[in-house]
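Me: Please take a close look at a single part of this structure, and then follow the contacts outward from there. I would like the cut-offs stated as each term comes up.

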Amino acid sequence: MDKLQKIFLVIVISLVAFKAIIGFGIFFYPLSTASNNIEVSSKELINLTNQYRINRGLKPLAQNPRLTQAALNHANDLLTKNYFDHTSPDGRKFSQWINDVNYKYFYVGENLAIDFDDDKRAFQAWVDSPEHLANLEKPQYQEIGIAVVKGEMKGQDTTVMVQMFGSRVMGANEENNYNFSGSSGSVAQNYFYPENGLEKYLEPKNLQKLNIINDFLLIIFIILVLIAYKPLKRKNQPSIKSPMTRRYQAKTFKE
């Protein structure tokens, strides 16, 4: 086999193997997929909240990763333990989820929603409720964190939304040190702010990009393999140009 053809073939095999690894990563990394969908919905809810506050002369809220993590941890706990309340069956208050992520606060609040499949409908339900509206309009709040998690509650498919508000002790000058850990058993710890590059690159959108690039390279090198292909010559195979006397043997008998 031609040396160049061997190189192309090795590259093709490597790309096929890498494609299998990417597929494995996408299939066995569902938490990222869920979180990716969550992020989009959370951003929309934050936009709705801030637009509502701006329209009423209030300052918009900045997204804080600690509050986001706390909201996500609480949402997971709601689904895992099958309850819908600010306080868990074992007496754990919502503020404890905020304490777990080392968010030092003056003020904190929480809004919950369940069984909504539309951001605007869920937000309108909060606006229509006096207690939820009080959180949306509280001028002391500076930051927000929202998690939207799909799962099962009491055997029924549902969607849980957790909206957390806060005002930090250190205000806007808090250092951007987010090396905190989520609650025990959290299904998406630190997803929004990965602690290392590997977690970041394992996000589905990045895996899909790698898969597209890999497919593109795979097609190119398959074409190069075909272009460089040369039929193998069998050893000791007679040449077509050889004379007939070399291609056949005959014996003569004489009496």
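Reply: A good place to begin is the pairing of β1 with β3, two strands that run parallel and are joined by two bridges; strands pair when DSSP finds at least two bridges between them. Helices (H or I, at least four residues) and strands (E, at least two) are DSSP runs numbered from the N terminus. The model is a predicted one, in which local features need pLDDT of at least 70 and side-chain atom pairs count only at pLDDT 80 or more, while totals for chains, interfaces and linings use all residues. Residues are numbered from 1 along each chain as its sequence is written, and side-chain values use heavy atoms, leaving out hydrogens and water.

Within this pairing, A62 stands opposite E143 of β3. The two strands belong to an open sheet of four, ordered β1-β3-β4-β2 with mixed pairing, and its edge strands are β1 and β2, each of which pairs on one side only.

E143 also leads across to β4, through a salt bridge with R168 whose closest N and O atoms are 2.4 Å apart; a salt bridge here is a side-chain nitrogen of Lys or Arg within 4 Å of a carboxyl oxygen of Asp or Glu. The partners lie 25 residues apart in the chain, R168 in strand β4 and E143 in strand β3. R168 has a relative accessible area of 8% and is buried, and E143, at 6%, counts as buried too, where buried means under 20% relative accessible area, exposed over 50% and partly exposed in between (1.4 Å probe, protein chains only). Elsewhere, salt bridges that share partners join D77, K81 and D90 into one network.

The strands also contribute to the largest nonpolar core, a set of 22 residues in which L78, I98, V160, V162 and M164 have the most contacts. Such a core is a set of buried Ala, Val, Leu, Ile, Met, Phe, Trp, Tyr and Cys residues joined through side-chain atoms within 4.5 Å. Two or more residues come from each of α3 (65–81), α4 (94–100), β2 (105–114), β3 (143–153) and β4 (156–168), and the largest share, seven residues, comes from α3. V162 shows how these pieces meet: leaving aside residues up to four places away in sequence, its contacts (heavy atoms within 4.5 Å) include A71, H74, A75 and L78, as well as E110, L112, G145 and I146. A second, separate core of 18 residues includes I46, V127, Y141 and V148.

V127 brings us to helix α5 (residues 119–128), whose buried residues are D119, A122, F123, W126 and V127. Seen down the axis of α5, these buried residues fall within an arc of 145 degrees and so line one face of the helix, the arc being that of the directions from the helix axis to the C-beta atoms. K120 and D128 are exposed on the other side of α5. The N-terminal end of α5 is capped by D118, which places a side-chain oxygen 3.0 Å from the backbone nitrogen of K120.

Helix α6 (residues 130–137) can be read in a similar way, with H132, L133, N135 and L136 buried. Its buried residues line one face of the helix, since they fall within an arc of 155 degrees when seen down the axis of α6, and the face turned away from them carries the exposed residues P130 and E131. From α6, E137 reaches R56 in a salt bridge of 3.8 Å, N to O. That pair spans 81 residues, with R56 in the loop between α2 (30–55) and β1 (62–63). E137 is partly exposed at a relative accessible area of 30%, as is R56 at 45%.

A further salt bridge joins K19 and D215, with closest N and O atoms 2.8 Å apart. It links helix α1 (residues 3–27), which holds K19, to helix α8 (residues 204–228), which holds D215, across 196 residues. Both partners count as partly exposed, K19 at 30% relative accessibility and D215 at 25%. The full count is six salt bridges.

For the wider setting, the chain has nine helices and four strands. Buried residues make up 40% of its 255 residues. Of the contacts with a separation of 6 or more, 74% are between residues 24 or more positions apart.

Notes:
Polar contact = N/O pair within 3.5 Å; in protein donor to acceptor, adjacent residues only side chain to side chain.
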